[in-house]
Amino acid sequence: MFFSLDPQERRLFQMIGNCAARLGVPAYVIGGYVRDRLLGRPTKDIDVVCVGDGIRLAQEVAGSLAPKPKVVVYSRFGTAMLHFEGIEIEFVGARRESYSPDSRKPEVELGTLEDDQNRRDFTINALAISLQENTFGQIIDPFNGLAHLEQKIIKTPLDPGQTFSDDPLRMLRAIRFANQLGFTIEPNTYKGLKQYKSRLHIISKERITAEVEKILQTPKPSIGFNLLFDTGLLHLFLPEVTALQGVEDRAGKAHKDNFYHTLEVLDNLCKKSDNVWLRWAALLHDIGKPPTKKFDEASGWTFHGHEWKGAAMVPTLFRNMRLPLDSKLDYVKKMVMMHLRPISLTKEEVTDSAVRRLIFDAGEDLEDLMLLCESDITTKNVKKMARYLEGYEYLKERIALVNESDRLRLWQPPITGEVIMRTFGIGPSKEVGIIKTAVREAILDGIINNDYEPAFQKMIQEGEKLGLKPVL
Ligand code: CTP
């Protein structure tokens, strides 16, 4: 079969083919580019493999382009890369690789195109397009990759044991591609995932996390997480999440399966937001449940304080997964900690000050928190669902009203540190902070109105408690 090239592609591929012919090295476009083009997905970089020296081919190609692009050489990997018209093109010599059992780093020897295709992860990723003159544009498909694209199948080219042992990251890639592309994993390949899962231990956490994030970025990550769970892979790097699975029944009282609930919440959220950190928060929002679970004769199963416990578990999990320990961590922690707050405020009798407290505590992340909480409603009872959603709509209106009345989002209490210092004739000190906090808390608790006069009076009272007298 021949690949249907667009004119720009044809020009580029012919030019590379001509350079390869001058050097006497057969060249092919291979891997993800071919797969994505055939699937009609957006393409990223182009990988070119040649039977010979890939770095020399890159230099030859660069030399025939104007202006001549810079060639970045990775001599350790025997590859070279250049940019042309915004496209990244990577060149490599065809190779045969043999791996040692305790390392991802292969021993590399020069090989044929067939050797190179053999060492790739999946049949759909082993497709090559010939750039040689007599077979230009022909698809070389030794493992039925074309049929598997058609049938939507993820399958290893060799025995799964060999492909996965060579590079265990491929087990996560199999699941990620299945999720991203909507493909199924061929039964023998799937068996291989279960059988070789423990090999994942040689893979760095950074690489594992990169695949997990790609799964999190799909429209329906539950597909990937269910596969990760069923193969036993998820247990190896996110035990806090797998611990959510299971239902316990005591005296006819059962709690819901918090793992499947979590995946539903995650899928719900993915319909509303692309924010990957909010998606992490959805995945982790209930991780405090297993360690706080208790059975009470009167009320059944309880998970009191699971939001606090869960938030406290997030930093360790972030550290283990090599996720950033910066504001992203604070954000996820805050979402986990606050995920029950809005639901408790959906009743009519809730006071303005409780709503104000939520606005203040959530700050600029309030909309995200509301999205998470709405996604957390997974009841199958249509009436209950309608009631909860109505409650949220009501809360949103209340938030808008409170916001309007005191613009709390950019909230500055009416009494500033300046006013406190001037009134009591004091300099910057711990007392200024104490008085400021007391005034702010009184407003947030609804004890005084958010206006200058009552706040000023409150400041005088608080100053007196500290032995301060107004000097004005
Ligand atoms: N490859 C492989 N084993 C890996 C990683 C990559 O065999 N662990 C091969 C596959 O043939 C793949 C190609 O190298 O198509 C390019 O890899 P990469 O750029 O990482 O992946 P893509 O398939 O292009 O897809 P994505 O960018 O979505 O990861």
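Student: Which helices each supply at least two residues of the shell around the ligand?

Tutor: This is a predicted model, so every value we discuss is computed from its coordinates. In it, α2 (32–39) and α7 (169–181) each contribute at least two residues to the shell around the ligand, and α7, with four residues, accounts for the largest share of that shell.

Student: Which residues come nearest to the ligand, and what is the division of the shell into nonpolar, polar and charged residues?

Tutor: The shell holds 14 residues, of which Arg35, Lys44, Asp121, Asp167 and Arg176 come nearest to the ligand. Sorted by character, the shell divides into 10 charged, three polar and one nonpolar residue. With respect to domains, at least three residues of the shell come from domain 1 (7–151) and at least three from domain 2 (154–237).

Student: Which side chains place a polar atom beside an oxygen or nitrogen atom of the ligand?

Tutor: A polar contact is read as a pair of N or O atoms within 3.5 Å. By that reading, an N or O atom in the side chain of Arg35 is 2.7 Å from an oxygen atom of the ligand, while a polar side-chain atom of Asp167 lies 2.8 Å from a nitrogen atom of the ligand, and an N or O atom in the side chain of Arg170 is 3.0 Å from a nitrogen atom of the ligand. As for cover, the ligand taken alone exposes 560 Å², and the protein buries 79% of that area.

Student: What is the order of the strands in the open sheet, and which strands are at its edges?

Tutor: Strands of a sheet pair through backbone hydrogen bonds, and the pairing may be parallel or antiparallel. Here an open sheet of seven strands runs in the order β3-β4-β5-β2-β1-β8-β9, and its pairing is mixed. The edge strands, each of which pairs on one side only, are β3 (72–74) and β9 (139–140).

Student: Where in this sheet can I follow the parallel and the antiparallel pairing?

Tutor: Strand β2 (residues 46–50) takes part in both kinds: β1 (residues 27–30) and β2 run antiparallel and are joined by four bridges, with Ile30 standing opposite Asp47 of β2, whereas β2 and β5 (residues 87–93) run parallel and are joined by five bridges, with Val49 having Val92 of β5 as its bridge partner. Strand β4 (residues 79–84) pairs with β5 in the antiparallel sense over six bridges, and the bridge partner of Phe84 in β5 is Ile87. The strands β4 and β5 form a hairpin with two residues between them, and Glu85 in the turn has a positive phi of about 45 degrees.

Student: Which other backbone features should I look for in the loops?

Tutor: Ala66 and Pro67 are joined by a cis peptide bond with omega of about -10 degrees, and Pro67 is placed in the loop between α3 (54–63) and β3. Asn144 is not a glycine, although its phi is positive at about 65 degrees; Asn144 lies in the loop between β9 and α5 (145–151).

Student: How many aromatic pairs does the structure hold, and what is the geometry of Phe122 and Phe177?

Tutor: A pair of aromatic rings is described by the distance of the centres and the angle of the planes. The structure holds eight aromatic pairs. Phe122 and Phe177 form an edge-to-face pair, at 6.1 Å centre to centre and 80 degrees between the planes. Phe122 lies in the loop between α4 (113–118) and β8 (128–130), and Phe177 lies in helix α7, so the pair ties together parts that are 55 residues apart in sequence.

Technical notes. Residues are numbered from 1 along each chain as its sequence is written. This is a predicted model: local features need pLDDT of at least 70, side-chain atom pairs count only at pLDDT 80 or more; totals for chains, interfaces and linings use all residues. Side-chain values use heavy atoms; hydrogens and water are left out. A residue is near a molecule or strand if one of its heavy atoms lies within 4 Å of it. A polar contact is a pair of N or O atoms within 3.5 Å; within protein, one must be able to donate a hydrogen and the other to accept it, and residues adjacent in sequence count only if both atoms are side-chain atoms. Accessible areas come from the Shrake-Rupley method with a 1.4 Å probe; for residues, only the protein chains shown count as cover. Ala, Val, Leu, Ile, Met, Phe, Trp, Tyr, Cys and Pro count as nonpolar, Asp, Glu, Lys and Arg as charged, and the others, Gly among them, as polar. Domain bounds come from an automatic or database domain assignment. Two strands pair if DSSP finds at least two bridges between them. Rings of Phe, Tyr and Trp (its six-membered ring) pair if their centres lie within 6.5 Å; planes under 30 degrees apart count as stacked, over 60 as edge-to-face and the rest as tilted.
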